[in-house]
Amino acid sequence: SGKVYVATAPASRLSGTVFEVRGSELIKIINEAPGLMAMIGGEGAYIAYSTGSGSSLGLVLHDVDADLEYRAPMGTLIPKCAFVPKREPLMVCAIPRTVPNGNYPDDWLLGRVHTTDDVWFVDAVGGTITEAAKFENEGPFDITNLQVSDDGKYALFINKNDGFLWSTTLGPPQ
């Protein structure tokens with residue numbers, strides 16, 4: 001713990017980098033990831049990041065201490081994900097059913113494209129996803145700012161389609 005990270009701003013046509021700040025040094029942790037958006041988990045032990053290239057999305061988990069990367073079986077954007085507290089590197093992510101044509105993450109951040117998302121537990125290390133929440137009578141949801149409660153039972157998010165705050169109960173992770 002006590003690690004400090006900085007990342008380049010996300011842009012579809014640029015490769016992003018995540019640096020660890022150590023004193024007056026910047027140490028490259030993740031380099032050359034197109035459309036990079038990142039989040040830190042496990043008190044700095046993990047960095048999850050999304051990549052975007054054209055209309056393709058990727059999701060990668062980087063284990064900082066082991067210097068290993070795990071590609072999740074489905075792609076999404078990092079604002080659609082959150083680590084499950086005390087269960088890192090397990091994540092909850094809103095994964096688009098389809099990815100509309102666009103330049104990611106730019107077009108999504110600017111509201112030019114919207115997705116329709118389902119919520120999944122993502123175990124990038126094990127390479128699996130399992131359903132976390134089901135929306136039968138609500139939606140469609142273009143999820144952003146996903147947060148998971150400390151006990152891992154609930155998720156809060158904003159629906160970019162209408163700006164409203166929503167909550168949902170999460171099923172038990174498999």
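Visitor: How much surface does the chain expose, and what share of it do carbon and sulfur atoms supply?

Guide: This is a predicted model, so please read every value here as computed from it. The chain exposes about 8800 Å². Carbon and sulfur atoms supply 49% of that area.

Visitor: And what percentage of the residues count as buried?

Guide: Burial is judged residue by residue, with under 20% relative accessible area as the cut-off. In this chain of 174 residues, 46% fall on the buried side.

Visitor: How do I read the radius of gyration of the chain?

Guide: Set it beside the value expected for a compact globule with this number of residues. For 174 residues that value would be near 16 Å, and the chain has 16 Å, which agrees. You can also picture a box around the C-alpha atoms: along the principal axes, its sides are roughly 50 × 35 × 25 Å.

Visitor: Which helices and strands should I look for?

Guide: Look for one helix and 14 strands. Contacts tell you how the chain comes together: of those between residues at least 6 apart in sequence, 43% join residues at least 24 apart.

Visitor: How many disulfides are there?

Guide: A disulfide is a covalent bond between the sulfur atoms of two cysteines. Here the count is one. Cys 81 and Cys 93 are the partners, with 2.1 Å between their sulfur atoms.

Visitor: Where in the chain do Cys 81 and Cys 93 sit?

Guide: Cys 81 belongs to strand 8 (residues 81–83) and Cys 93 to strand 9 (residues 91–96), so the pair, twelve residues apart, links distant parts of the chain. Both Cys 81 and Cys 93 are buried. As for the twist of the link, the angle about the S-S bond is 115 degrees, and the link is right-handed.

Visitor: Where does Asp 106 lie?

Guide: You will find Asp 106 in helix 1 (residues 106–109).

Visitor: Why does Asp 106 count as partly exposed?

Guide: The partly exposed class runs between the buried limit of 20% and the exposed limit of 50%. Asp 106 has 23% relative accessibility, and therefore counts as partly exposed.

Visitor: What is Asp 106 in contact with, beyond its neighbours within four places in sequence?

Guide: Those partners are Ala 11 and Ser 12. For a sense of distance, try Gly 42: Asp 106 and Gly 42 are 64 residues apart in sequence, and their C-alpha atoms are 28 Å apart in space.

Visitor: How far apart are the mean positions of the positive and negative charges?

Guide: The chain has 13 positive and 21 negative charges, and their mean positions are 2 Å apart.

Key. Residues are numbered from 1 along each chain as its sequence is written. This is a predicted model: local features need pLDDT of at least 70, side-chain atom pairs count only at pLDDT 80 or more; totals for chains, interfaces and linings use all residues. Side-chain values use heavy atoms; hydrogens and water are left out. Helices (H or I, at least four residues) and strands (E, at least two) are DSSP runs, numbered from the N terminus. The radius of gyration is taken over C-alpha atoms; the globule rule is 2.2 Å times the number of residues to the power 0.38. Buried means under 20% relative accessible area, exposed over 50%, partly exposed in between (1.4 Å probe, protein chains only). Contact means heavy atoms within 4.5 Å. Accessible areas come from the Shrake-Rupley method with a 1.4 Å probe; for residues, only the protein chains shown count as cover. Lys and Arg count as positive and Asp and Glu as negative; His and the chain ends are not counted. The place of a charge is taken as NZ of Lys, CZ of Arg, CG of Asp or CD of Glu. A disulfide is a pair of cysteine sulfur atoms within 2.5 Å.
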